[in-house]
Amino acid sequence: MMSNSEIQELKSSLSITVVAKRLGLSVERGHFRCFFPERHANGDRTPSVSINEEKGYFKCFVCENVKGDVISLVQMYLGISFAEALKWLKGDAPSIKRDMQKSTVQKPKKQENSERQKFFKEKVIFDFLNLLSPIPPNSKAAWWLAKRHIYKPVWDKVLLRLIDDYHRTSRELLAKYSLEDLQYAGLFNNQGILRYGRHPIIIPYIDEQHRPFFFQARAIEKDVVPKELNLQKAIPFPYNKEVLDGKPGIVYLCEGAIDTLTLLGHNFCAVGVPGVNSFKPEWVEMFKNKKIILCLDNDAAGRASEARISAMLQAAGLETHSFGLLPEGEDINSWFASRQS
Ligand SMILES: [Zn+2]
C-alpha cells in the first residue's frame with residue numbers, strides 16, 4: 001500500500017489532462033463529455049466536464065457526483081477501486097508522467113500464494129451467490145427485467161440472483177467469514193459495509209462449467225449512480241462467454257450484460273463487454289470462427305469503442321459488421337422497446 005505522501009507525490013507527477021486522454025476521453029479546450037450522457041441535454045454533445053489542470057481536478061457542472069482528482073477520474077471511468085486506480089496510474093501508464101526523468105515506474109510485486117488467494121476469493125464469491133435467491137416472479141426486479149424484455153427463461157439460464165434481504169445477506173456473510181476476508185474478496189467496502197445496498201440484481205459471469213468467477217451488480221432505481229457495480233477485480237472474460245464455442249457462427253457483441261440478456265431473450269447468440277472500454281486484446285482469440293456483429297450503443301463512446309474492437313478482431317482475421325440499425329443515441333434496449341410499442 002502507498003503512504004499518503006507517496007500518493008500525493010504520484011498525483012503531483014501526473015497531468016490530469018494527459019490521463020484523461022490516455023483513458024480515451026476526448027478532451028477539447030479543457031473539457032470532455034460526461035460519463036453520464038443520459039443526464040444531459042443531447043447526450044452532452046457540448047462537453048460539461050471541465051478540467052482544472054493546475055489543481056489536478058475535474059468537475060461536471062450538471063452531475064454533482066462527477067468530480068474529483070486524477071485518481072477518482074481513473075476509478076470512475078474504469079469502474080475500479082482506489083487501490084486498482086493507483087496501480088493503473090503507477091504501473092500501467094508510465095507514459096503519462098509529467099516528468100519523464102523522474103519516472104521510476106515499478107510493476108507491483110507479484111504476490112506469493114496468488115493462486116491460493118484467487119481460489120479463496122472465488123470460494124467467497126461462490127458462497128455469496130449461493131446465499132441469494134433466484135429472481136422472484138412479480139418482484140420489483142422481475143418487472144424491471146421484463147421491461148427490458150428479459151424474462152424468466154433467460155433469468156434461469158444465466159443464473160440471475162437477487163439480494164432480496166440486504167441485511168440478512170450481510171449478516172449471513174459475516175457469520176461465515178471475517179470482515180477482512182469479505183473486504184479482501186471485494187464484497188464489503190472499507191467502511192465494513194456490504195457493497196450492494198442499492199444494486200440488488202446480481203449478474204454472475206459464468207464459465208463453461210457454470211462456475212461463477214465474477215459478477216456485476218445492477219441497480220434498478222433510476223437515481224442510483226453508477227448503475228452497475230463490478231466486483232473489484234479484473235473482469236476475466238466477456239459476459240455469456242459460453243456462446244464462444246469455437247464453432248462457426250454469428251455472435252452479437254453488445255455493451256453490458258443487460259443488453260446481452262435482451263438479445264438472448266430474442267434468441268440472438270450474444271456476448272457482452274462490461275463497459276465500452278473493457279474489451280481486452282486477449283479476448284480476441286475466444287471469438288475464433290465467429291462472424292461478429294457489433295451492437296454497441298450508438299453514441300460517440302459506443303462508436304469509438306466499436307471501431308477499436310472491430311480493428312482488433314479484424315487484425316485476427318475475423319469478420320465484423322456493425323449492427324447498424326440503432327438510431328443515434330440509442331442502445332439495444334431502447335431499440336427493442338421502441339419496436340414493440
Ligand atoms: Zn454529467
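In this predicted model, E242 is partly exposed, its relative accessible area coming to 32%. The side chain of E242 meets that of K157 in a salt bridge, with 3.9 Å from N to O. In sequence terms this pair is a long-distance link: K157 sits in helix 7 (residues 152-157), while E242 belongs to the loop between strand 8 and strand 9 (249-255), 85 residues apart. K157 also counts as partly exposed, at 45% relative accessibility.

That contact is part of a broader picture, as a search of the whole structure turns up twelve salt bridges. Another of them pairs E221 with K140, where the closest N and O atoms are 3.0 Å apart. E221 lies in the loop between strand 7 (212-218) and strand 8 (228-230), and K140 lies in helix 6 (residues 140-147), so this bridge ties together parts that are 81 residues apart in sequence. As for solvent, K140 is exposed, with a relative accessible area of 55%. E221 comes out as partly exposed, because its relative accessibility is 38% and the partly exposed class runs between the 20% and 50% cut-offs.

Strands 7 and 8 turn up again in the next pair. Here the side chains of E228 and R218 meet in a salt bridge, at 3.3 Å from N to O. E228 is in strand 8 and R218 in strand 7, ten residues apart, and the pair again links distant parts of the chain. The two ends of this bridge fall into separate accessibility classes: E228 is partly exposed at a relative accessible area of 25%, whereas R218, at 10%, is buried. The 10% for R218 falls under the 20% cut-off for a buried residue.

Salt bridges can also share partners, and in this way D164, R168 and E172 are joined into one network.

Turning from side chains to strand pairing, strand 11 (residues 290-295) and strand 12 (residues 319-322) run parallel and are joined by four bridges. Within this pairing, L294 stands opposite S322 of strand 12. To get from strand 11 to strand 12, the chain passes through helix 11 (residues 300-315), making a β-α-β crossover that is right-handed. As a general point on such elements, side chains in a regular strand alternate between the two faces of the sheet.

Notes. Residues are numbered from 1 along each chain as its sequence is written. This is a predicted model: local features need pLDDT of at least 70, side-chain atom pairs count only at pLDDT 80 or more; totals for chains, interfaces and linings use all residues. Side-chain values use heavy atoms; hydrogens and water are left out. A salt bridge is a side-chain nitrogen of Lys or Arg within 4 Å of a carboxyl oxygen of Asp or Glu. Helices (H or I, at least four residues) and strands (E, at least two) are DSSP runs, numbered from the N terminus. Buried means under 20% relative accessible area, exposed over 50%, partly exposed in between (1.4 Å probe, protein chains only). Two strands pair if DSSP finds at least two bridges between them. A crossover is right-handed if, with the strands pointing away from the viewer, the path from the first strand over the helix to the second runs clockwise.
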